[in-house]
Amino acid sequence: MIVGNVTDVGLLSVLPVIELLVQCYPKDVPQLIRSTLQKLVVICLSGGDDLDPSKTAVKASSAAILARILVLNTNYLAQLTSEDSLMLLLQNSGVQVKENVLLCLADIWLEKVDNMTSIQRKTVGFALSIIMMLRLPQVLDMLDQILSVCTSVILGGNNDESEGESRHESDSSIPSIEFRKRQIKLSDPIKQMSLENSVRENLQTCAALHGDSFNTAIGRMHPAAFAQTKQVLKI
């Protein structure tokens, strides 16, 4: 596929199409674009985007697609990120990965969430919620950041009105193709899922997995931030 063979501007045209395909067929499409998804992982874990808005946008969009797959087809992304072929591709691309690839992606989700659309931010919130259930001690090191992002996303709600999805226009004023695209976006399963419930339940799982270490990690959170998280999650 063309990912990896076009400019950043070209990628910014292609990535939304991939994201839409994954939204519509989350169980089938990822298996058909395995090599493309591996390239998206490489894009996410490569540096060099700090001073380049186009590269930042590409990395954010790539990360959002991978987050969506983790949410809607969890086992597949877990399998993809543990494959030897991906590790070889990362190595050949000059990317040094010292820990679990999913944890590396979690770092990128935390870093790039502010560069995403509202539905992408919500998707990342769900992905980070899933990360909390990993039986890895490193999860506790990023727990405060995960809860901070998830709390912020929940409080922010969906701001899709400002992203071209306003329903104020009559259906007849929208070209048929654009109307169909809008219908597809509005049918996004992520929109119907409760991030609040997911974070609350997975936080309880995280506590059960890590015991006293979890309590220590929670104790490192700023009291005001923790109080806000408890209020938002109703715990």
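Let's start with two helices in this predicted model: α3, covering residues 34–45, and α4, covering residues 53–72, pack with their axes 9 Å apart and at an angle of about 130°. That angle is why α3 counts as oblique to α4. If you look at how they cross, α3 passes α4 in a left-handed way.

Now zoom in on where they touch. On the α3 side, the contact is made by L37, L40, V41, I43 and C44, while α4 brings V58, K59, S62, A63, I65, L66 and I69. Sorted by class, that contact of α3 with α4 has 10 nonpolar residues, one polar and one charged.

From here, step back to the inside of the protein. In soluble globular proteins, nonpolar side chains tend to be buried together. Here, the largest nonpolar core has 69 residues, and the ones with the most contacts inside it are L45, W109, I131 and L143. Helix α4 turns up again, since it gives the most to this core, with 11 residues.

W109 is a handy spot to pause. Which residues does W109 contact, once its neighbours within four places in sequence are left aside? They are A63, L66, A67, L70, V124, A127, L128 and I131. A63 and L66 should look familiar, as they are also among the α4 residues in the contact with α3.

For a last stop, head along the chain to K234, in the segment after α15 (223–233). Its phi is near 60°, a positive value in a residue other than glycine. Is K234 buried or exposed? It is exposed, because its relative accessible area is 61%, and exposed means over 50%.

Note on methods. Residues numbered from 1 in each chain as written. Predicted model: local features only at pLDDT ≥ 70, side-chain atom pairs only at ≥ 80, totals over all residues. Heavy atoms only, no water. Axes fitted to C-alpha atoms, helices over the stretch in contact; angles between N-to-C directions. Helix = DSSP H or I, 4+ residues; strand = E, 2+ residues; numbered from the N terminus. Parallel < 35°, antiparallel > 145°, perpendicular 65-115°, else oblique. Left-handed = near helix turned anticlockwise from the far one by under 90°. Contact = heavy atoms within 4.5 Å. Nonpolar A, V, L, I, M, F, W, Y, C, P; charged D, E, K, R; others polar. Buried < 20%, exposed > 50% of the residue type's maximum accessible area, 1.4 Å probe, protein only. Core = buried A, V, L, I, M, F, W, Y, C linked by side-chain atoms within 4.5 Å.
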